[in-house]
Amino acid sequence: MPDSARSRALTIGALSRATGIPPATLRTWERRYKFPRSARKPSGHRLYSTEEVPNLLRIKAALALGHRPAEVFRLQPSAIDALVAIGAARPAPSQPVPPAPPPPPAAPAERIANDVEGSSHRLLESVRSFDRVGLERELRARWARLGPVGFLERAASPFMEALGKECREGRLHVRHEHFASSLLADLLRELRHPYDDRASGPWVAATTFPGDRHELGLLMACLLCAVRGWRVLYIGVDTPVEQIAALSREAPLSAVVMSISATVPQAYAFALTLDLRRKVLERIAIWVGGRGASAVAAGVQPFDDFEILDRHLAAVAGGVALL
Ligand code: B12
């Protein structure tokens, strides 16, 4: 440390008072994460630059939001600020948050089979009469009866499929499609929130490729991730590959999940997944699903359905938590 800096330097006690971080913690961080870096007085006591104060305060803020030191210390200051900004939009762990409801139990196969019979028909009747309350009640009842995977595979997806068919065949119209898809999107977000607030697992970012504005498959995948304790960074639809790649350098992601709808041609989906795999940090997994995900680049993991994704989430979360 140059002499001019030395005269403005802080002892470990002063740095601790300035940041509210105990001296023992500062020493442990320095040993473990090589930060904050100190110079030594001739007596051997540590001296810190005053510039470490804002850096330590942002780290402290990120840790207070429940992030792990191993994640936070490897990030650039701007990335830590982004994490803190995201977290500030949610209640901090120390504030009282309502407990996340346990996910509804999965229903026995026999009950699921009976449920699916005629299930979409009732939902479509509510759409036809723009019965918002009835449609929401029916969907919530299925969530409670079928459990997360059952709800997605046996209720929500077939409902959208049937809705598409009704529109194609002229029995329902764009106004019905918009009404139903926005109600389902709202519900999928609402069901996710209590799990989001309690999630403490690895981070997964979620989006769709440029031009693809179909959001429901993505919201479904996010709901499952949150129920399994993953922290979801929801980016919304229609995101350029460069932006996803930049995000992967700024946030402590373990995975990126993409939903690819039927509107994305196979060759384009392949090219986009190849580009994404090349640009996103190698250690970050890329998961894709949806009708448009039939041909994907090497190193990108396709999921045929939500049940398979669910099993993977459970297995990987356990593994990453040990790091
Ligand atoms: C709702 C809807 C819309 C809404 C979307 C609103 C929203 N908030 O998402 C709006 C009105 C915006 C829309 C627009 C268009 N749409 Co549209 N839309 C639909 C509809 C009815 C439902 C789509 C949906 O959400 N399905 C539910 C999802 C969950 O199903 P999925 O994408 O097939 O995915 C399945 C799985 O693969 C899995 N999944 C999905 N993602 C993931 C991710 C992971 C990780 C995993 C594990 C699983 C998974 O979930 C589903 C399980 O069955 C479908 C009809 C249908 N049959 O799907 C048409 C449909 C997809 N649309 C279609 C078209 C053509 C369009 C438009 C081009 C129409 C136009 N002329 O403007 C635009 C394109 C907009 C754009 N740029 O993307 C076509 C696509 C046909 C094709 N092969 O190209 C369809 C199939 C309708 C049809 N004509 O038959 N659409």
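By class, 8 nonpolar, 11 polar and 8 charged residues make up the shell around the ligand in this predicted model. The shell has 27 residues, of which G211, R213, H214, E215 and S259 come nearest to the ligand. As for its location, the ligand sits in the largest pocket. Two or more residues of the shell come from each of the elements α9 (132-168), α10 (174-198), α11 (216-227), β6 (253-259) and α14 (306-321). Among these elements, α9 gives the most, with 5 residues. At the level of domains, both domain 2 (97-194) and domain 3 (199-323) supply at least three residues to the shell.

**Metal site**

The ligand carries a cobalt atom, and the protein offers this atom a single donor, NE2 of H214, at 2.3 Å. H214 is placed in the loop between β4 (203-207) and α11. H214 is also one of the residues that come nearest to the ligand.

**Polar contacts**

Three contacts between N or O atoms of the protein and atoms of the ligand are set out below.

| Residue | Protein atom | Ligand atom | Distance |
|---|---|---|---|
| E161 | N or O, side chain | nitrogen | 3.4 Å |
| A262 | N or O, backbone | nitrogen | 3.3 Å |
| G290 | N or O, backbone | oxygen | 3.2 Å |

The side chain of E161 provides the atom in its contact with a ligand nitrogen. For A262, a backbone atom faces a nitrogen of the ligand, while the backbone atom of G290 is paired with a ligand oxygen.

**Backbone geometry**

Two backbone features concern loop residues. The peptide bond that joins F35 to P36 is cis, and its omega is near -5°. P36 belongs to the loop between α3 (23-33) and β2 (39-40). F130 is not a glycine, yet its phi is positive, at about 50°. F130 is found in the loop between α8 (119-128) and α9, and α9 is the element that gives the most residues to the shell around the ligand.

Notes: Residues numbered from 1 in each chain as written. Predicted model: local features only at pLDDT ≥ 70, side-chain atom pairs only at ≥ 80, totals over all residues. Heavy atoms only, no water. Near = heavy atom within 4 Å. Polar contact = N/O pair within 3.5 Å; in protein donor to acceptor, adjacent residues only side chain to side chain. 1 Å grid on protein atoms, 1.4 Å probe; cavity = no way out; pocket = protein on both sides within 12 Å on 5 of 7 lines; lining within 4 Å. Sits in = over half its atoms within 2 Å of the grid points. Helix = DSSP H or I, 4+ residues; strand = E, 2+ residues; numbered from the N terminus. Nonpolar A, V, L, I, M, F, W, Y, C, P; charged D, E, K, R; others polar. Domains from an automatic or database assignment. Donors = N, O, S within 2.8 Å, 3.2 Å for Na, K, Ca; no water.
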